[in-house]
Amino acid sequence: MTADLIAFVLLLAVTAYTCAGGTDYGAGFWDLTSGGAERGKRPRWLIDHAMAPVWEVNNVWLIFIFVIMWTGFPVFFQTVFSAMWVPLALAAVGMVLRGAGFAFRKASRRIAGQRLFGTLFAVSSLVTPFFLGAAAGGIASGRVALGTEASARAWSNPTSLVFGLLAIATTAFLGAVFLSGDARRFDAPDLVDHFRGRALGALAVVAVLAVVALFVTRTDAPHVWHGLTHGMGLVFVLLAAAATFATAWLLLRPPGTWVRVTAVGVVAAAVLAWGMAQRPYLIPTSLTVAEAAGAPSTLTWLAFVTLVALVIVAPAVALLYWLDTHGELESLTDADLRRGGTERGESADGS
């Protein structure tokens, strides 16, 4: 019972990272495809301003995933990281280079430096979700088992390829939806339409790839396919489909806030459908939740610590997102900093 609860918490953490982190990766995708320096100037300006307050906090959910995996399911952690260290290492390198590129592009004063770091940020925003998706595809197709040695077969197969492409398309979709809302907040109507159109296009690609994934998993990952077409897996597939239609309808109407909710619903329902489809396995069909679980006392303490962590972290993250979406976390410009320095100087003179 405790192992099942911890496994469900792990699935929720994966869902949270996919939705929150996916939005940031999607911003990088649109940064890459914005065009040249002049054409892409305004979209990149919006991306910088929209991401700056919250882009680091999304990795909180990734930390949750790692801690729950290695503490609650050490056999699962060992198996996945032994067989999948290549794609996971490439994803980790992408995360580091992506963060460095985003930070140094803003700090760089030279055009050449801005272009270099901007390219690094944008390309890494594609590399990371693709390899994370490819690793997930290797797990879903059951190509990873206890004792499996690292090989390209584990993550370069039909399911891994489709999952990797679906991860990129999903992040692009979420990024465009959220950037459209940010453009409305920054009073940039041209960018609202710019990203709404791209959100619709990305949603269409996600829908097509989701259908392709069903056909691919039927032969390449039969256990997952059966789970997606029966029981709770099917319920979440239908929820994802309903959210897809709702999001498309809202994107065709005047901009509003509900489109973000339905967009997150599309992605969250899809991830939950995958998790439910794998039951009772963590790795179909070789490692069940019960077989991978740690000692009962460890699981009990992990459940307690996770609860405490969520009580502390979740409200803080929710507050941060609320402040960001309500424009309370605008980054300071050079003019703001100069004005602040002048005010402090005048205050000192007056005293």
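Author: A helix is here a DSSP run of H or I with at least four residues, and a strand a run of E with at least two, both numbered from the N terminus. This is a predicted model, in which local features need pLDDT of at least 70 and side-chain atom pairs count only at pLDDT 80 or more, while totals for chains, interfaces and linings use all residues. Residues are numbered from 1 along each chain as its sequence is written, and side-chain values use heavy atoms, without hydrogens and water.

Reader: What makes up the span of residues 258–277, helix or strand?

Author: Set against that definition, the span is 100% helix and 0% strand, with its end C-alpha atoms 28 Å apart. An unreviewed UniProt entry lists residues 258–277 among its "transmembrane region" spans, though such annotations may be inferred rather than shown by experiment.

Reader: How do you know at what angle the axes of helix α1 and helix α11 cross?

Author: Axes are lines fitted to C-alpha atoms, for helices over the stretch in contact, and angles run from 0 to 180 degrees between N-to-C directions. On that scale, the axes of α1 (residues 2–32) and α11 (residues 258–278) cross at roughly 145 degrees and come within 9 Å.

Reader: Which residues of α1 and α11 meet?

Author: With contact meaning heavy atoms within 4.5 Å, those of α1 include Phe 8 and Leu 11, and those of α11 include Val 264 and Trp 274. By class, this contact has twelve nonpolar, three polar and no charged residues.

Reader: Which helix has the lowest mean pLDDT?

Author: On this 0 to 100 scale of the predictor's confidence in each residue, helix α14 (residues 334–350) is lowest among the elements, at 47.

Key: Ala, Val, Leu, Ile, Met, Phe, Trp, Tyr, Cys and Pro count as nonpolar, Asp, Glu, Lys and Arg as charged, and the others, Gly among them, as polar.
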